[in-house]
Structure formats: C-alpha cells, structure tokens
Amino acid sequence: MEKIVTVHWNDVKQEIDGFGVSQADWSGAIYEMSEPVRSKIMDLLFDQEKGIGASVFRGEIFADFNPAPGEYDFNERFDQVWVMQQAEKRGVDKIIATNWSPPAWMKTNNSTTHGGYLKLEYYGDYARLLSGFIKEYRQQFGIDLYAISMCNEPNSMKFLSWDSCQWNSTNIQVFLRDYLKQEMTAQGVEDTKVIAAEPSWWSEKLTKDALNDPKACERVDIVAAHNYPVPIVNRELRTKPFQLAVDKGKRVWMTEVSQVDSYDTGMTSGLKFAKQIHHFMTKADVNAWLYWTGAIPGDNDEGLINIYKDTDTYQLTKRYYAFGNYSKFVRPGCVRIGTEDRPMKDVYLSAYRNPETGEFTVIAVNDHDSTAELNIVPEGFDSASLTPYITNDSLNMEQGHDIVSESGTFKVLLSSRSVVTFVGEKTI
C-alpha cells in the first residue's frame with residue numbers, strides 16, 4: 001500500500017543547531033588509543049566526509065580544576081583538551097562543557113559525589129571557576145567554548161556514586177542572576193552561552209524561576225534536559241515542547257541519552273534511538289540532540305562506538321549509523337520543514353532544508369518488518385531527483401540509486417527495519 005506525503009518547503013519549523021556527542025570524563029578513552037586508531041575514531045565521529053559529522057561536542061568542567069580556594073589548574077585532563085582541539089579541526093564549532101559537581105570544599109556534604117548542595121557562601125567562587133574555565137581554555141589552548149552548563153542532572157543524583165550536585169529552581173535563579181552573570185562579564189567571557197539545567201528527564205521545571213526572572217533570564221541561552229529513563233513506552237507522548245523557554249526566546253536542546261542495561265550493536269538499538277531523535281525533532285521541536293558518548297569502553301549501549309583498549313580496536317554499532325543518518329546530512333543552520341510525521345504505522349518522517357543552498361533532506365524510519373512505500377510530493381518547490389542513504393541490517397548509510405521525479409512525485413521504498421536519508425536539491 002502506497003502513502004502520499006507532502007513536504008512543505010515554506011512551512012518552516014525550528015532551526016537546527018546540531019547533533020552531538022559527549023566524551024565528558026571519557027575523553028581518555030579516545031586519547032589513550034594508539035595512532036592511527038585514535039585519529040580514525042575522531043574522523044568517524046566528527047569528520048563529515050570520513051564519518052558522521054557530529055557537530056556538537058560536550059566535555060566536562062572538572063572539580064579538580066579548583067582543588068582549594070583561590071587555586072586553579074586547568075592543565076588537568078589534557079586528554080579532554082586534545083579531543084576538543086581535534087574535534088575543532090574536523091569542523092566542530094560548538095564545544096560545550098558541563099559541570100557535574102563543584103569542588104568538595106564548596107559543598108554541604110564536603111564531597112563531589114552523592115549530591116549535596118553548593119553552599120551559598122561559595123556561589124561567587126563557583127562562578128569564578130566556571131568563568132575562569134572559559135577564559136583559560138581560550139587563552140591556554142585556543143578552545144573557544146560555545147557554551148557552558150552549570151549543572152548535570154541536579155534532580156536525581158543524591159544516592160549515586162559519581163560526581164553530582166543538587167540544585168532546585170530557586171538556587172539556579174539566584175546563581176545565574178546574582179553571581180554567574182556578573183562574573184562572566186568581569187572575566188570578559190560574557191559572549192559564551194549558558195545552558196540550564198540538564199535534569200535527567202525531559203522537563204523545564206528547574207529553569208522556570210530563572211526564566212520568569214528578567215535578570216536571571218538574560219543569562220540563560222539554552223534550556224536543556226536529558227531523556228531518561230530508557231526505554232520508554234509512548235516516548236512521543238512525553239517529548240513535549242518547552243513552551244516557557246520558547247516564549248522567552250531560548251534554544252532548547254536534548255543533551256544526553258543512552259542505555260546502560262543492554263548490549264545491542266544491531267538495528268533494534270539503532271531504530272530505538274532513531275525514533276527518539278525523530279520524536280524530539282517533531283514533537284519537542286528541539287534545536288539540538290546529543291547522545292551520551294561518542295566512543296566508550298564497555299559492554300553496554302552507552303556509546304555510538306565501542307572501544308576495546310586491550311586490543312586497540314573498536315566496533316561501529318548500527319546506532320552509530322542511524323545517528324549518522326541525521327548528523328551527517330542535517331547540518332547546523334538547517335531548518336525543519338513540515339511533513340506528515342507518522343504517514344504509516346511504524347513509519348516516521350521528518351524533513352529539513354538548508355536556507356542558504358536549496359539542499360533538502362527527508363529522513364524516514366521504518367520500524368516495521370515489511371517494506372513501506374511512500375510517494376513524496378514536494379510543495380512550494382521542485383526537485384529532479386533524490387539520493388537515498390540506507391541503514392538496515394546489512395547496509396551502513398549506503399548510497400543507493402538516485403530516485404527520479406515522476407510528474408513531481410518521488411516513489412520511494414523503505415526496506416524493513418531501516419533508517420533512510422533522502423538528499424535532494426531545489427531546482428525552482
């Protein structure tokens with residue numbers, strides 16, 4: 001059965017800032033590999049021609065950078081510096097960094113782990129750490145950070161053993177308004193964007209006080225959240241837009257998701273996260289979407305690439321390629337345009353165009369065990385042909401034969417359990 005779907009050139013939705021990955025606390029996983037393997041991994045993650053062209057890199061602002069009051073050492077973790085620099089060389093222009101916990105001496109529990117709050121008397125010190133990180137990375141290493149994030153999952157870290165810190169909505173409002181804003185200006189780094197507040201699940205509640213406070217709101221540029229827990233049934237019902245953030249003119253990013261309790265290098269995982277990207281693009285209208293890590297050792301689904309240090313090898317997952325069906329072809333500055341996002345059962349569709357070049361992309365996810373047939377009809381533009389790039393059980397972003405327009409319609413077949421990116425160019 002064929003389904004007619006129309007792509008509306010002039011029905012412009014959100015602008016895309018990028019698709020990215022984190023190596024927060026895991027830059028060493030790449031850096032410690034031998035050459036040429038580590039450079040190959042960097043190519044695979046960040047080079048648009050040789051790899052999937054991830055356009056956002058998320059690093060970490062470590063508590064160790066500020067071991068005692070007035071003491072700073074931003075030379076710690078050169079592995080992160082190397083990875084950031086190498087990402088920039090491959091065209092990444094959005095380097096961001098998140099802090100998991102302020103230094104232990106600033107906190108109520110005197111520890112970087114198991115939650116605890118930042119003591120009010122150290123709000124100024126913490127603002128100096130964040131601002132100093134921006135300034136020193138720029139001056140020492142030539143890394144011009146696009147944005148920093150003041151906290152990571154502040155809503156759910158009390159009982160966990162990794163670095164964490166608890167923040168409530170009022171804490172965030174006060175810190176942004178009375179401390180971070182002034183300190184970034186004093187250190188000359190006010191042009192760097194600020195992300196808040198990266199809770200573990202999709203919610204903007206922790207930023208509501210800051211967004212409703214005009215002075216605090218000035219120091220928020222991106223409202224971000226994560227996408228846990230995974231898996232979620234009816235995920236599209238829980239990926240609602242951040243309406244307050246949009247009303248205040250802020251960008252909205254989904255900055256972390258993965259799965260730690262499964263090990264699946266195949267299409268089941270690839271399709272799972274391709275659908276999540278689709279839902280966040282079409283239901284939450286996000287400007288950016290980031291996977292937890294690009295490359296990581298281990299036997300779970302935390303990364304797009306699995307690294308094996310003992311043998312100096314790596315494995316590319318279908319999740320890597322499914323992510324690449326978005327990141328390689330939908331570039332920063334593109335805009336999403338209107339189309340029917342669920343044209344058939346288990347088929348998901350989204351469309352994008354480049355306002356500068358006239359290039360456009362249609363991405364289809366077929367999570368069904370049979371082939372799906374679509375008739376794609378351009379509205380507001382013409383195009384001569386579409387080039388498909390197919391990821392399924394046997395293909396990895398494989399370029400297929402061009403599909404020629406027939407009387408203004410593209411007849412396309414989506415193989416079972418596949419992610420297909422169609423690339424074309426406007427002719428009129």
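Modeller: Two strands count as paired if DSSP finds at least two bridges between them. The model discussed here is predicted.

Colleague: Why are strand E14 and strand E20 called a pair?

Modeller: The cut-off is at least two bridges. E14 and E20 (residues 418-425) are joined by 8 bridges, so they pass as a pair under that rule. The two run in the antiparallel sense. One position to look at is Val 362, which stands opposite Phe 422 in E20.

Colleague: What makes E13 a partner of E14?

Modeller: The test is again at least two bridges. E13 (residues 347-353) and E14 have 7 bridges between them, in the antiparallel sense, and therefore count as paired. Tyr 352 has Thr 361 in E14 as its bridge partner. The hairpin of E13 and E14 has 5 residues between the strands, and Gly 358 in it takes a positive phi near 85°.

Colleague: Why is strand E14 described as mostly covered?

Modeller: A residue is buried if its relative accessible area is under 20%. In E14 (residues 359-366), 7 of the 8 residues are buried. That count is the ground for calling the strand mostly covered.

Colleague: Why do E12 and E13 count as paired?

Modeller: E12 and E13 are joined by 3 bridges and run antiparallel; the rule asks for at least two, so the pair is accepted. Ile 337 has Ala 351 in E13 as its bridge partner.

Colleague: And what makes E1 and E12 a pair?

Modeller: Strand E1 (residues 2-15) and strand E12 (residues 335-338) also run antiparallel, with 3 bridges. At least two are needed, so E1 and E12 qualify. Glu 15 is matched with Val 335 in E12.

Colleague: What makes helix H10 mostly covered?

Modeller: Helix H10 spans residues 318-327, and 10 of its 10 residues are buried. Each of them is under 20% relative accessible area, because that is what buried means. Among them are Lys 318 and Arg 319, along with Tyr 320, Phe 323 and Tyr 326.

Colleague: Is Ala 288 buried or exposed, and why?

Modeller: Buried means under 20%. Ala 288 has a relative accessible area of 0%, so it is buried. Ala 288 is found in strand E9. Leaving out residues up to four places away in sequence, it touches Asp 17, Gly 18, Val 252, Trp 253 and Met 254. A touch here means heavy atoms within 4.5 Å.

Colleague: How many Å separate Ala 288 and Ala 364 in space?

Modeller: From C-alpha to C-alpha they are 19 Å apart, and in sequence they are 76 residues apart.

Colleague: Why is Asp 285 called partly exposed?

Modeller: Buried is under 20% and exposed is over 50%, with partly exposed in between. Asp 285 has 30% relative accessibility and therefore counts as partly exposed. Asp 285 sits in the loop between helix H9 (267-282) and strand E9 (288-297). Its phi is near 55°, a positive value in a residue other than glycine.

Colleague: Why does Met 397 count as buried?

Modeller: At 14% relative accessibility, Met 397 falls under the 20% limit, so it counts as buried. Met 397 is not a glycine but has a positive phi of about 50°. It lies in the loop between strand E16 (385-391) and strand E17 (398-399).

Colleague: Which peptide bond next to Pro 229 is cis?

Modeller: The bond from Tyr 228 to Pro 229 is cis, with omega near -5°. Pro 229 belongs to the loop between strand E7 (222-226) and helix H8 (243-247). The bond from Ala 196 to Ala 197 is also cis, with omega near -5°, and Ala 197 is found in strand E6 (residues 193-197).

Colleague: Why does the radius of gyration of the chain agree with a compact globule?

Modeller: A compact globule of 428 residues would have a radius of gyration near 22 Å; the chain has 22 Å, so the two agree. The C-alpha trace spans about 70 × 50 × 40 Å along its principal axes. Of the 428 residues, 59% are buried.

Colleague: What is the secondary structure of the chain?

Modeller: The chain comes to 10 helices and 20 strands. Among contacts between residues at least 6 apart in sequence, 76% join residues at least 24 apart.

Terms used. Residues are numbered from 1 along each chain as its sequence is written. This is a predicted model: local features need pLDDT of at least 70, side-chain atom pairs count only at pLDDT 80 or more; totals for chains, interfaces and linings use all residues. Side-chain values use heavy atoms; hydrogens and water are left out. Helices (H or I, at least four residues) and strands (E, at least two) are DSSP runs, numbered from the N terminus. The radius of gyration is taken over C-alpha atoms; the globule rule is 2.2 Å times the number of residues to the power 0.38. Buried means under 20% relative accessible area, exposed over 50%, partly exposed in between (1.4 Å probe, protein chains only).
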